[in-house]
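Grab a pencil and take a good look at the protein below. The exercises come after it, each with a solution worked out in steps.

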Amino acid sequence: MIPLETLQPDPWHFPRPDLAAAYLQAFDLKLSSARGLFARRRMGKTEFLRRDLLPAAAERNYLVAYTNLWDKRSAPDEALVSALAEALEPQGVRAVLAKLGSPVRKLKATARIAGAEGSLEAELGAAGDSAVALREVLRQLDKQKRPLLLVIDEAQVLALADHSDFAHALRAALDVRKDRIKVIFAGSSETTLREMFARASEPFYNWAALEPFPLLGEEFVAFTVKLLNSMARHRLTLEQGMHAFEELHRTPEFFKRFVERYMLYQLQGDEAALAHTRTSVFSDEHFLRQWTELNPADQAIVTMLARGEGDIHGASGLARLTALTGKRATKNTAAHALRRLQSHNIVTRLAIGDYRIEDEAFAEWVRRRRDVRA
Ligand SMILES: Nc1ncnc2c1ncn2[C@@H]1O[C@H](COP(=O)(O)OP(=O)(O)O)[C@@H](O)[C@H]1O
Ligand SMILES: [Mg+2]
């Protein structure tokens with residue numbers, strides 16, 4: 001259970017035991033065996049899943065498996081299989097590796113406990129076919145008496161066309177184990193998650209209910225302000241805290257930065273700390289920089305995608321591209337721009353000819369920018 005063991009205690013973590021209990025209870029009641037949660041980046045999904053939900057599940061006798069596919073975009077299959085394997089006891093892991101014909105000697109029984117993260121992943125990856133590895137790991141998990149909670153963070157990566165075969169294999173494997181394996185899909189892109197669950201051609205079609213992740217609010221601010229005041233000479237009021245929270249678009253990550261700044265420069269006061277936080281983190285500057293670094297064709301493509309004008313390669317799409325850039329656009333113009341945007345992780349390809357802007361917040365910024373000019 002690497003994900004739990006590597007977490008250091010964090011006094012600033014605002015615990016959400018009721019929310020964790022509500023999810024687990026719905027599983028216990030067999031209301032559902034899979035759920036999908038979405039919220040923007042930096043809103044506290046990962047922190048909740050790792051610090052509240054997984055420990056609560058472990059306490060309720062679940063085996064737990066967690067993986068964040070964001071950094072594993074090129075090999076989400078290996079990441080998932082190894083997350084599942086980590087839920088097993090060492091002898092289970094050894095049995096899996098033996099079945100896969102992998103050189104077990106390299107992986108000492110204690111390796112994973114010593115925190116040798118990645119080595120198991122490498123071993124399983126080296127075994128080749130990830131669908132086969134998945135089957136072996138699940139076979140070992142089937143021998144366990146305890147139920148398993150599998151948390152897939154940034155799950156929209158599975159919607160990428162490249163991973164379609166594995167995603168189908170995963171869905172089939174989970175389908176027959178609904179009683180014993182509960183799954184939480186979390187993600188930052190509502191659009192992509194929706195497509196994963198709502199499109200008949202997608203592997204997870206109709207499989208999980210998708211709902212917004214409950215966001216942090218005044219209780220979180222009150223908790224943080226109280227802790228701050230126990231250490232600060234100059235107290236911050238709840239009103240000042242709420243004001244900063246609102247100004248930072250109710251984003252926990254930014255609010256924490258504000259609190260840190262306030263703590264370090266208390267004499268300058270809360271407005272100064274807020275102004276500093278805004279300029280250092282805020283989207284407008286950040287997105288504007290991201291935008292101005294794009295060339296005109298890339299900007300035009302991003303604009304079209306943000307506005308849901310999907311048909312980029314078609315005649316009407318190229319006409320739009322020409323109009324937006326003021327230069328005659330060809331299929332090559334579009335293809336090169338799309339390749340650049342993908343290599344910079346700005347755009348994702350979901351399927352052939354189907355592209356999305358990765359960061360919904362950036363997409364929204366682009367849309368708003370257009371509205372202002374229109
Ligand atoms: N429950 C919480 N208590 C305290 N801080 C939190 C909490 N949830 C989120 N944060 C702050 O917000 C940051 C971003 O949260 P994270 O879980 O990584 O967001 P997401 O996964 O939605 O992108 C965290 O690093 C932390 O500083
Ligand atoms: Mg996250």
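Here are some short exercises, going from the whole chain down to single residues.

This is a predicted model, where local features need pLDDT of at least 70, side-chain atom pairs count only at pLDDT 80 or more, and totals for chains, interfaces and linings use all residues. Residues are numbered from 1 along each chain as its sequence is written, chains are lettered from A and ligands numbered from 1 in the order in which they are written, and side-chain values use heavy atoms, with hydrogens and water left out.

**Exercise 1.** Work out how many helices and strands the protein has, and what share of its residues is buried.

*Solution.* Start with the DSSP runs, numbered from the N terminus: helices are H or I runs of at least four residues, strands are E runs of at least two. That gives 18 helices and seven strands. Next, burial: buried means under 20% relative accessible area, exposed over 50%, and partly exposed in between (1.4 Å probe, protein chains only). Of the 374 residues, 48% are buried. Finally, the accessible surface (Shrake-Rupley method, 1.4 Å probe; for residues, only the protein chains shown count as cover) is about 18,300 Å², and carbon and sulfur atoms hold 51% of that.

**Exercise 2.** Find Leu-63 and say which residues it touches beyond its sequence neighbours.

*Solution.* First, place it: Leu-63 belongs to strand S2, residues 63-68. Second, check its cover: Leu-63 counts as buried because its relative accessibility is 3%. Third, look for contacts, meaning heavy atoms within 4.5 Å. Setting aside neighbours within four places in sequence, Leu-63 meets Ala-87, Leu-141, Gln-144, Arg-146, Pro-147, Leu-148 and Leu-149. Take Leu-141: it is 78 residues away along the chain, yet the two C-alpha atoms are 9.4 Å apart. Now zoom out: of the protein's contacts between residues at least 6 apart in sequence, 72% join residues at least 24 apart.

**Exercise 3.** Ser-82 and Lys-99 both sit in helices; decide for each whether it is buried or exposed.

*Solution.* Ser-82 is part of helix H4, residues 76-86. Its relative accessibility is 2%, so Ser-82 is buried. Leaving out neighbours within four places in sequence, Ser-82 touches Leu-120, Glu-121 and Leu-124. Lys-99 is in helix H5, residues 90-99. With 56% relative accessibility, Lys-99 is exposed. With the same neighbours left out, Lys-99 contacts Glu-136 and Arg-139. The C-alpha atoms of Lys-99 and Ala-133 are 8.9 Å apart, with their positions 34 residues apart along the chain.

**Exercise 4.** Look at Asn-206 and Arg-250: what is the sign of phi in each?

*Solution.* Asn-206 has a phi near 60°, a positive value in a residue other than glycine. You'll find Asn-206 in the loop between helix H9 (190-198) and strand S5 (209-212), and at 60% relative accessibility it is exposed. For Arg-250, phi is near 50°, again positive in a non-glycine residue. Arg-250 lies in the loop between helix H11 (238-247) and helix H12 (252-264). Its relative accessible area is 33%, so Arg-250 is partly exposed.

**Exercise 5.** Locate Asp-18 and describe its surroundings on the chain.

*Solution.* Asp-18 is in helix H2, residues 17-28. At 66% relative accessibility, Asp-18 is exposed.
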